[in-house]
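Subject: Structure handover

Hello,

Here is the structure you asked about. Please open it first, then read the notes underneath.

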Amino acid sequence: MASQYPNLTAELDLGFTRLKNRMMMGSMHTGLEEAPNGHARQAAFYRERAKGDIALIVTGGISPNAAGKLGLGKHEKTFVESAEEHRVITQAVHDEGGKILVQLLHAGRYSHHPDLVAPSPIQSPINKFAPRELSDDEIRQTIADFAEAAKLAREVGYDGVEIMGSEGYLLAQFLATRTNHRTDDWGGSWENRKRLAVEITKAVCEEVGEDWIVMFRLSVLDLVEGGLTGEQSIDLARDLVAAGANMLNSGVGWHEARIPTIMHTVPHGAFAWASKRVADAVDVPVVTTNRLNSPENAEAVIAQGSADVVSMARPLLADPLFAAKAIAEKPDEINTCIACNQACLDHIFGGKLSSCLVNPLACIEYDVSITPAAAARKIAVVGSGPGGMAAAATLAERGHDVTLFEAEDRLGGQFNMAMAIPGKDDYGETIRYYAEMLRKHGATVHTSTRVDAANLQSAGFDSVIVSTGVNPRVPAIPGIDHSSVLSYVDVLWHKKPVGKRVAIIGAGGIGFDVAEFLSHAEHEGDEIEHFLTSWGIDQTIATPGGLSADGPAMSSPREITVCQRSSGRPGKSLGATTGWAIRAALQLKGVNFLGDLTYDLIDDEGLHLTVAGKTQVLNVDNVIVCAGQESENTLVAPLEQAGLDTHVIGGAKKAAELDAKSAIAEAVQLAMQL
Ligand code: NAP
Ligand code: SF4
């Protein structure tokens, strides 16, 4: 029978070697690179992905020399220093029938160490360190360092290298007038600016021969002023192929770009068209990337000719078996990456080991795996939010006799509200995944069923997990029961009508979500087209960096004011790698933020406030309360009094700073112990 994903699962013949399908794990720094026993731990991490049938893996970036290090502390090594230690990684991947490339990345002015270098001494807006200019001799030595690293990579068993030439790292810095102000052979004209990328590719290919993968990751869309035009990207692609590169990967956006490229607000496959421009111009396989997280959308971009291979990094954190499940045509069993960045990029940004919100076992494969329970027990899980579902599914997978009770008519708890937010519809995929796991592992599920301690005791459960979540906090503001007041649950779950003028009480994650929901303008036509126009992206890439002259264009159907009592930046609890873009989009849509205030009264006039000692009234149709939550834990005491073995997780245990990441992690951890 024909495959459901014929393009995605087809072999790719590179002449000297074959890829068994068109799915690649893109480069992603996980923090294992610098961790104690890091190479063995990376080996375990990549082994799982290779076992999951991914055709090709690219490691996290590693510098060929000291100057190009990312600046990740004293344990960061160059590839040349650590090559021998990589044998355990290549061996693990080969044992499972996979292929792996090491990514050679020189960070240039993005290095977070004081001895950083760049084409010109121009500081990056996202780095506290200023670079010094590389001399001609140092540039030539850098070329030699890349070639030496590639030679060593081949010796220690890698199937190739990826040369990192996008995202604003050193090679991209040489290419762009934004960062290259040199007047010698390495700057000025386009011919001079592209020289370093081409010379490195040539030197690497001469060192390793033609029967080895040399992939260059080039920027198909810079999204910064002074970046490349589309014509320049294509010209570079042709030169790289002439220099010997036998695969090209796509990069989108520099790290300092002020346009989101991978978070939830970016539609699936939003940048595949930019890869297609390059794919149409060269005769080597081209890889596309960014926000491709399902076999369906991956298949679609290949089918439409945008690329030959699809690169996914975060989706492989979320589910190491992604490719195997796609090949087996079991997409419902895929644990889908929801593009939240909360446990992967936000962790890395905060100097922590990467994990995954929907898969807390990511990056701890060396230490932990799900094993059958020593003795099967009869366990009730009460509440089917993300934590409850994760606990029940993991317990059932381990062989316990599990019953999940949910008072509402559907599974998923707060994720049902999250999935209503524009761009967050993938949160519904998490509910689908866990529902499928519950089915697969034989758990019993009762929705529309409210249970009490007596029910659970008489049913003879050995243990009860209470994951009953939270109730929205009702702040003690005079007039809080006024007819204009709605809670976020009224808006997101019950879909109650909301007027044109709105005040939101609370500027946390949910206050921002509600602002996003209410400021979303309905639009005709294609989601990708709308996203690109909204952010001012020029699809002809005739302008440097692909930024349109008109800039972003966004509007809101409502007048919205988001309020908080505290001073400081609104939305400070939002993730470091997503908060800036959520804030920027709301500001572009004209949403107002008010802080350092007290709430005085809600009445027919609206919301009465005191801001910096002065009273004012926000004349609004509705006041939406997003003032945090309180634990729903009324079941706990009766269960304990009845002598039942009781475990409380997630929001039911601690509502403050409750989030799905800790709820799922806590749930899985508990389920592995019972
Ligand atoms: P939250 O982040 O704790 O924010 C609650 C907001 O309510 C704060 O802005 C607080 O600001 C205000 N508040 C607290 N008590 C109040 C009171 N008595 N009266 C008036 N205002 C009060 O809670 P949340 O927004 O409900 O989010 C819940 C969890 O979900 C958080 O952990 C959040 O990180 C997570 N989440 C994250 C995202 C995301 O995009 N990353 C999205 C949704 C939810 P003031 O005290 O300054 O007034
Ligand atoms: Fe995807 Fe979120 Fe997991 Fe990162 S933490 S891999 S963005 S689901």
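**Around ligand 2**

Ligand 2 is surrounded by Arg314, Leu317, Cys337, Ile338, Ala339, Cys340, Asn341, Ala343, Cys344, Cys356, Leu357 and Val358. Please keep in mind that this is a predicted model. By type, the shell around ligand 2 consists of 10 nonpolar residues, one polar and one charged. The space that ligand 2 takes up is the largest cavity.

**Two buried loop residues**

Is His264 buried or exposed? His264 counts as buried because its relative accessible area is 7%, and the cut-off for buried is under 20%. His264 belongs to the loop that links strand S10 (247-252) to helix H9 (272-279). Beyond its neighbours within four places in sequence, His264 makes contact with Arg291, Ile338, Ala339, Pro422, Gly423, Lys424 and Ile582. Ile338 and Ala339 are also among the residues around ligand 2.

Ser63 sits in the loop between strand S4 (56-62) and helix H2 (79-82). With a relative accessible area of 2%, Ser63 is buried too. Its contacts, again leaving aside neighbours within four places in sequence, are Gly68, Lys69, Thr78, Phe79, Leu105 and His106.

**The nonpolar cores**

Phe79 appears again in the largest nonpolar core, which has 176 residues. Phe79 is one of the residues with the most contacts inside that core, as are Val161, Leu221, Leu248, Phe271, Ile537 and Ile624. Outside its neighbours within four places in sequence, Val161 has contacts that include Leu101, Ala150, Val204, Trp212 and Met215. Another core lies apart from this one; it has 16 residues, among them Val485, Ile505, Cys563 and Tyr599.

Regards

Conventions: Residues are numbered from 1 along each chain as its sequence is written. Chains are lettered from A and ligands numbered from 1 in the order in which they are written. This is a predicted model: local features need pLDDT of at least 70, side-chain atom pairs count only at pLDDT 80 or more; totals for chains, interfaces and linings use all residues. Side-chain values use heavy atoms; hydrogens and water are left out. A nonpolar core is a set of buried Ala, Val, Leu, Ile, Met, Phe, Trp, Tyr and Cys residues joined through side-chain atoms within 4.5 Å. Buried means under 20% relative accessible area, exposed over 50%, partly exposed in between (1.4 Å probe, protein chains only). Contact means heavy atoms within 4.5 Å. Helices (H or I, at least four residues) and strands (E, at least two) are DSSP runs, numbered from the N terminus. A residue is near a molecule or strand if one of its heavy atoms lies within 4 Å of it. On a 1 Å grid over the protein atoms alone, a cavity is a set of points where a 1.4 Å probe fits but cannot get out, and a pocket is an open set with protein on both sides within 12 Å along at least five of seven lines; lining residues have an atom within 4 Å of a point. A molecule sits in a cavity or pocket if more than half of its atoms lie within 2 Å of its grid points. Ala, Val, Leu, Ile, Met, Phe, Trp, Tyr, Cys and Pro count as nonpolar, Asp, Glu, Lys and Arg as charged, and the others, Gly among them, as polar.
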